[in-house]
Amino acid sequence: MAKPYQYSTNMIMYQLELKNISKTYKRNSKKLLVLDNINLNVKKSEFVCILGPSGCGKTTLLRIIMGLEQFSSGSINLDGKNIEEVESRLGMVFQEFSLFPWRTIFENVTFGLEMKGVKKQEQTKIAEKYLELVDLSDFKDHYPSELSGGMKQRVAVARALAVNPELLLMDEPFGALDAQTRNTLQTELIKLWGKTEKTVIFITHNIEEAIFLAQRIIILSKIPSRVERIIENKLPYPRDKLSGDFNEIKLDITRYFYKLTK
Amino acid sequence: MKNHMFKKRIEKYKIQALSIFLFLFIWQLIAQYVINDPLLLPSIADIIRAFFKLSANIPIDIGVSLLHLSTGLLFALLVGIPLGALMGWYKNADRFFNPLIEMLRPIPPLAWIPFAIIWFGLSDYSAGFIIFIGALFPILTNTYTGFRNTSNLLVEAAKVLGCKKNKDLIRHVVLPSSFPYILSGIRISIGIGWMCVVAAEMFGLDNYGMDNVGVGNMLWQYYALHMMDRVALYMFILATIGIAIDRILKYIEARLLKWQSHTNIAQI
Amino acid sequence: MENNKIYILFTAVVLIAVASGCTSSQPGDAKLTALTIGVQPSTHQVAEMIAMDKGWWKSDLSKYSIVKVEDKLFPSGPPEMQAMIGKELDFAYVGAAPAISAISKGLDAKIIAAVQTNGSGLVLSNELAQSYTKPEDLIGKKIATFPPGSIQDSVLKHWLKQNSIDPDKDLRIVAMGPGDAITAIEAGRIDGVFLPAPSPAKIELDEKGKIVELSGAMWPEHACCVIVASGDLIREHPDMVKEILRTHIKATNYIYSNTDDAKKICSEKIGLSEEVIQHSLDNWDGGWIVDPHSIADSVLSFAQVQYDLGYIETMPKQEDLFDMQFYDEIA
C-alpha cells in the first residue's frame with residue numbers, strides 16, 4: 001500500500017484515505033460484522049472500481065464514504081482533513097432510478113444548485129452545460145416518467161456533476177439496465193470522466209465492467225468484507241472488450257473469484 | 001390518430017348515456033304503470049315538473065349548500081393536512097394521536113349535531129362543523145399515507161445533493177412526493193363532505209340570513225310535507241352536483257399531476 | 001353482442017319490477033290478527049299510553065280476532081305518516097297538520113276522532129322572559145319551532161299576525177325538530193322555542209327558560225292531536241274501528257279520573273321524570289277530547305294555511321279528511 005504524502009516529481013497526495021474502516025450492524029442482540037478493517041486510498045482524478053460478489057459490503061462502504069451511514073471504527077480523510085457527515089464535495093449516483101418524478105429533467109439537474117443558493121441565471125448555465133455533456137439537452141423539459149432507464153441514469157450523472165463534486169461515488173449505476181444500454185453508458189462515462197477529470201469510485205459486481213472502466217480494481221470478499229486484492233489496470237483508454245489483453249485480465253480475475261467463492 | 005381518440009371517447013359517452021337513459025326510462029315505466037302512486041314513487045315526469053316549478057330556487061339552494069361545504073372543507077384542510085403530516089413524519093406523534101383518531105372516526109357526522117348546536121349555535125359554522133367531521137378523516141389519512149410512503153431513496157438523493165435539514169427535506173421532497181395522495185384525499189373529502197350536507201342542514205341554520213334555502217334543508221322540509229317529487233328532485237340535485245364536483249376535481253388532479261404520465265420515449 | 005346483453009338486462013329488470021309490484025299490494029289480508037299503533041312521546045297522547053299499559057287495546061279487540069297489539073314511537077308527525085304510507089301502521093295518534101299533509105298527498109286514511117286541543121307553549125330564555133310583557137317584545141328575536149305547515153308553526157304565525165307582527169320580517173322563525181330545539185335553548189343559542197308539551201315544562205325545570213305564552217291563548221281551542229285510521233281498516237274492519245274509538249274514550253276519561261296513575265304511565269313511556277310530567281300538566285292549557293266534530297273547523301283552518309303556503313295542491317273538504325260516522329254511531 002502506497003504511503004500518503006509520498007513526494008515525487010508529481011506530488012502524490014491522496015484525495016481520499018480510508019484507514020481501518022470497520023462496520024458492525026447490531027440487530028436485537030445479534031452482531032454482524034460487515035466491513036473488516038478496510039484500508040483504501042484514492043488519488044485525485046483516479047477511476048477506481050470496487051469489485052465484489054453480491055452480498056459483500058461494497059454498497060455499505062460507499063454509503064459510509066458518502067456519509068449516509070456511520071462506520072463503527074477507523075477514520076476517513078478527505079484531502080487530509082477528517083470527513084464530515086454528508087460532504088457536499090462528494091456526489092453520488094444510486095443504482096435505482098432516483099430522479100425526482102415531479103421535477104422536469106432540467107429541474108432535477110438544478111436541484112443541487114438550488115440547495116447551494118446559486119443564482120437562477122447561473123443555474124441555467126450550469127444545468128445546460130451538463131445536460132449537453134450527457135447528450136440530453138433535447139429532453140430538458142420532459143419528466144422522468146417519459147424517459148428510458150438509460151436516459152434516467154444519464155440525468156442522474158448530470159445532476160450529480162452539476163454541483164461540481166470532487167469525488168463521484170457510483171453504486172452500480174448501470175445494474176438495472178439492459179446490456180446494450182450498459183455498454184453505451186460505460187463508453188459515455190469514460191468520455192465524461194476524460195472531460196471533467198473527476199475522481200470516480202465505481203461499485204460493480206460485473207468483472208467486465210470493472211476492467212473496462214477502472215485504472216485500479218479493488219476486490220472485496222464476502223461479508224465480513226476485506227480488501228482481498230488490488231489490481232492495477234494499465235490498459236490504455238478506450239478499452240476493447242474483445243482484445244486479448246482485456247480478456248487476459250478478465251480470465252485472471254474470474255479465476256480468482258472462483259477460488260474466493262469456493 | 002386524433003380522430004380515433006375522438007371516436008373512442010364518443011363510444012365511452014354513448015354507453016354512459018345509454019345506461020342513465022335506460023335507468024330513467026325504466027323508472028318512469030315502473031312509477032307510471034306498476035306503482036302509480038306519487039307518494040310511493042314519484043315519476044320522472046313529476047320530478048321534471050317539480051324542477052320547473054322550483055327552478056328559481058335551485059341555484060340559491062346549491063349556492064348555500066356549497067358555501068356550507070366550503071366552510072367545512074377549509075377547516076378540514078387546515079387541520080387534516082398539518083396533522084397528517086405530523087403523524088406521518090414523527091412516529092411519536094403517530095402513536096399519540098392515533099388512538100384519539102380511531103375513536104372519533106367511527107362516529108357519524110349526524111351524531112355531532114347536538115354538539116354543533118352547543119358549540120357553534122345555529123350559525124352556518126354549525127353546518128360547516130358537521131361537514132368538517134365528515135371531510136377530516138380522508139384528508140388526514142391520505143396526507144399521513146403520503147408522508148409515510150415517501151421513498152427513502154429520494155430522501156437520500158436529496159441529502160447527497162445538499163438538502164439535509166428536516167424542514168428542507170419536507171419542503172423539497174416529502175411534500176411534492178405526497179402531493180398526489182393529498183390531492184386525492186381532498187377529492188374524497190369533498191365527496192364525503194357533500195354527502196354530509198343533508199345532515200348538516202337538518203337544523204335551523206342562519207343560512208346567511210335567508211330562510212328556506214339549502215339543498216339539505218329543503219330536502220328535509222319537503223319530506224316533512226310528503227312532497228316526494230320534490231324530495232326526489234333534490235336527491236337528483238345532490239347526485240348531479242356530487243358527480244360534477246368529482247369530475248372537475250379529477251380533471252384538475254390530472255393536470256397538476258401530469259408528471260405521473262407514463263408515456264415512454266423509448267430511446268437511448 | 002353488446003346490444004343483446006342490454007336488451008336481456010332491460011327485460012330482466014322490467015320483469016322483476018312488475019313481479020315485485022304485483023306482490024307488494026295485497027288487498028285485504030284474509031284474517032287480521034295484529035295491529036300496530038303509531039304514537040309520539042308527548043303528554044298530548046297519553047290516552048294511547050294508558051290503553052296500552054292497561055292492556056285495553058288487546059282485550060277490547062280480542063273479540064275481533066286480534067291477538068297482538070303493539071305501538072311504535074315516533075319523534076314527530078312526518079315520519080309517523082311516512083310509516084303509515086308504507087302500510088306499517090293501522091292507526092295513529094298524530095298531529096292534525098301532518099295528517100292533513102299526508103292525506104292530501106294521497107295517504108289512504110281518515111281522521112276518526114280528536115285526541116287533544118291546545119297544549120303547546122312559548123318558552124323564552126330566562127333574561128328575555130323577565131322583561132317579556134307582550135308579543136311585540138318578540139320583535140327582532142329568533143324563535144325555533146316545528147317546520148312550516150306544522151300546527152306549532154301555523155299557530156305561532158297566526159298569533160303574531162293577529163298582533164300586527166310580520167313573522168317573516170319582524171323576527172326570525174327557524175325550523176327544527178324537538179330535540180335540536182331543546183338543545184338550542186338549553187345551550188343558550190336561541191331566544192325562544194315554541195313546542196308541544198312536555199318540552200316547555202322540561203326546559204323550565206332545567207332552569208333554561210320560562211313559559212310566557214300558551215298556545216290556547218294564541219289560537220283558542222285549536223286542534224292538535226287526532227286519531228287517523230287507515231283506509232283498509234275503515235273499509236274492511238269497521239267494527240274494529242268502532243271498538244278502537246270506545247277504548248279511546250275509556251282511556252281519555254281515565255286521564256281525568258285517575259290523573260296520578262296517568263302521569264305515572266306517561267312518565268314511564270316517555271322517559272321523563274314524573275316531576276316534569278306534573279309540571280307540564282300544571283302549566284298547560286290542553287284538554288283531552290274525543291269528538292271530531294268539535295275540531296273540524298280548526299283542522300280545516302290548518303288545511304287552509306297549508307294550501308295558502310302551497311304545500312298542498314287542492315283545499316280539502318271535511319269529508320276528504322274526516323270520517324265521522326264511527327263516532328256518530330257510538331256517541
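**From the C–B contact to a buried strand in chain A**

Let's start where two chains meet: 27 residues of chain C are in contact with 22 residues of chain B. Keep in mind that this is a predicted model. On the chain C side, two or more residues each come from α1 (2–24), α4 (77–85), α5, β7 and α8 of chain C. The biggest giver there is α1(C), with 6 residues. By residue type, the side of chain C that touches chain B splits into 19 nonpolar, 5 polar and 3 charged.

Chain B itself comes in two pieces according to its domain assignment: domain 1 covers 1–36 and domain 2 covers 47–258. Taken over C-alpha atoms, the centres of those two domains of chain B are 30 Å apart.

Back to chain C, which is also assigned two domains. Domain 1 is made of two stretches, 10–118 + 222–330, while domain 2 is 120–213. Their centres, again over C-alpha atoms, are separated by 27 Å. Where the two touch, domain 1 of chain C puts in 25 residues and domain 2 of chain C puts in 17 residues. On the domain 1 side, α5 (96–105), α14 (274–282) and α15 (296–308) of chain C each bring at least two residues. Of these helices, α14(C) has the largest share of that side, 5 residues. How do the residues on the domain 1 side divide into nonpolar, polar and charged? The count is 12 nonpolar, 12 polar and 1 charged.

Next, look for a sheet in chain C. It is open, has 5 strands in the order β7-β6-β8-β5-β9, and its pairing is mixed. Why is one side of β7 and of β9 left without a neighbour in the sheet? Both β7 (172–175) and β9 (210–214) of chain C stand at the edges with a single partner strand each, so there is no neighbour on the other side. Going from one strand to the next, the twist averages 30°.

Inside this sheet, β6 (residues 142–145) and β8 (residues 192–196) of chain C run parallel and are joined by 3 bridges. If you want a pair to click on, try Ala144(C), which sits opposite Val193(C) in β8(C). Two helices lie across these strands. Helix α7 (residues 151–162) of chain C lies across β5 (120–124), β6, β7 and β8 of chain C, at about 125° to β8(C). Helix α8 (residues 178–186) of chain C lies across β5, β6 and β8 of chain C, and runs at about 145° to β8(C). That helix, α8 of chain C, also turned up above among the elements that touch chain B.

Finally, hop over to chain A and find strand β7 (residues 167–171). Is this strand mostly covered or uncovered? It is mostly covered, with 5 of its 5 residues buried. Leu167(A), Leu169(A) and Asp171(A) point one way from β7(A), Leu168(A) and Met170(A) point the other way, and all are buried.

This strand has parallel partners too. With β6 (residues 90–93) of chain A, β7(A) pairs in the parallel sense over 4 bridges, and Met92(A) stands opposite Leu169(A). With β8 (residues 199–204) of chain A, β7(A) also runs parallel, joined by 5 bridges. There, Asp171(A) has Ile203(A) as its bridge partner. To get from β7(A) to β8(A), the chain passes through helix α5 (residues 179–196) of chain A, and this β-α-β crossover is right-handed.

Notes:
Residues numbered from 1 in each chain as written. Chains lettered and ligands numbered in written order. Predicted model: local features only at pLDDT ≥ 70, side-chain atom pairs only at ≥ 80, totals over all residues. Domains from an automatic or database assignment. Contact = placed C-beta atoms within 7 Å. Nonpolar A, V, L, I, M, F, W, Y, C, P; charged D, E, K, R; others polar. Pairing = 2+ DSSP bridges. Axes fitted to C-alpha atoms, helices over the stretch in contact; angles between N-to-C directions. Buried ≥ 20, exposed ≤ 12 C-beta atoms within 10 Å, placed from the backbone. Right-handed = clockwise from strand over helix to strand, strands pointing away.
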